[in-house]
Amino acid sequence: MSLLNDWKFVLLLCLTLGLAPFYPEPHIWGKIKWIRGGAVGMQALDWFDVLLHGFPWVLLVRLLLRRLP
């Protein structure tokens, strides 16, 4: 559980798994745009992909919220 509270590890996850593949745009960004567009045609694998690539960002937000006074 200490890895999930380690800033360096979470930032590394965000910059690698959270953004990969990087070209032509970060994968999570494309999925977010797809969802904002109504998620037309998204299948179960696409939703799993959002979960996989979004998890590091959820950890980062959690760490930021824990840091607030």
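Which side chain meets Lys 33 in a salt bridge? In this predicted model, the partner is Glu 25, with 3.0 Å from N to O. Neither end of this pair is tucked away: Lys 33 is partly exposed, at a relative accessible area of 43%, and Glu 25 is partly exposed too, at 28%. As background, side chains of opposite charge can pair when their charged atoms come close. Searching the whole structure turns up three salt bridges, and the other pairs are taken up below, after a look at the overall build.

The chain is made of three helices and has zero strands, so the secondary-structure pattern, read along the sequence, is simply α-α-α. Helix H1 covers 7-15, while helix H2 takes in residues 27-36 and helix H3 residues 44-67. Laid out along its principal axes, the C-alpha trace spans about 40 × 25 × 20 Å. Of the 69 residues in the chain, 25% are buried. Among contacts with a separation of 6 or more, 56% come from residues 24 or more positions apart. About 5,300 Å² of the chain is exposed, and carbon and sulfur atoms supply 73% of that area. As for charge, there are 7 positive and 4 negative side chains, and the centres of the two sets sit 11 Å apart.

Back to the salt bridges, where Lys 31 is the residue to look at next. Its side chain meets that of Asp 46 in a salt bridge, at 3.0 Å from N to O. Because Lys 31 lies in helix H2 and Asp 46 in helix H3, this pair ties together parts of the chain that are 15 residues apart in sequence. Both Lys 31 and Asp 46 are buried. Lys 31 also forms a salt bridge with the side chain of Asp 49, here at 3.7 Å from N to O. That pair again links distant parts of the chain, with Lys 31 in helix H2 and Asp 49 in helix H3, 18 residues apart. How buried are the two ends of this second pair? Lys 31 has a relative accessible area of 7% and is buried. Asp 49 is at 18%, so with the cut-off for buried set at under 20%, Asp 49 counts as buried as well. Through shared partners, the salt bridges join Lys 31, Asp 46 and Asp 49 into one network.

Helix H3 also brings in a nonpolar residue worth a look, Leu 52. Together with Leu 45, Phe 48 and Leu 51, Leu 52 forms a nonpolar patch on the surface, and the four have about 440 Å² of accessible area together. Leu 52 itself is partly exposed, with a relative accessible area of 35%.

The loops hold some backbone oddities. Most residues other than glycine have a negative phi, and most peptide bonds are trans. Where does the chain depart from that habit? In the loop between H1 and H2, where Pro 21 lies, the peptide bond from Ala 20 to Pro 21 is cis, with omega near -15°. Pro 24 is placed in the loop between H1 and H2 as well, and the bond leading into it from Tyr 23 is also cis, with omega near 5°. Further along, Ala 39 has a positive phi of about 60°, although it is not a glycine. Ala 39 lies in the loop between H2 and H3. With a relative accessible area of 18%, Ala 39 is under the 20% cut-off and therefore counts as buried.

At the other end of things, Asn 5 is found in the segment before H1. Asn 5 is partly exposed, at a relative accessible area of 30%. Leaving aside residues up to four places away in sequence, Asn 5 touches Arg 62, Leu 63 and Arg 66. Asn 5 and Pro 56 are 51 residues apart in sequence, yet their C-alpha atoms are 11 Å apart in space.

Key
Residues numbered from 1 in each chain as written. Predicted model: local features only at pLDDT ≥ 70, side-chain atom pairs only at ≥ 80, totals over all residues. Heavy atoms only, no water. Buried < 20%, exposed > 50% of the residue type's maximum accessible area, 1.4 Å probe, protein only. Helix = DSSP H or I, 4+ residues; strand = E, 2+ residues; numbered from the N terminus. Patch = residues over 30% accessible without salt bridge, like charges linked within 9 Å, V, L, I, M, F, W, Y side chains within 5 Å. Areas by Shrake-Rupley, 256 points an atom, 1.4 Å probe, with all protein chains shown as cover. Contact = heavy atoms within 4.5 Å. Lys, Arg positive; Asp, Glu negative; His and termini not counted. Charge placed at Lys NZ, Arg CZ, Asp CG, Glu CD.
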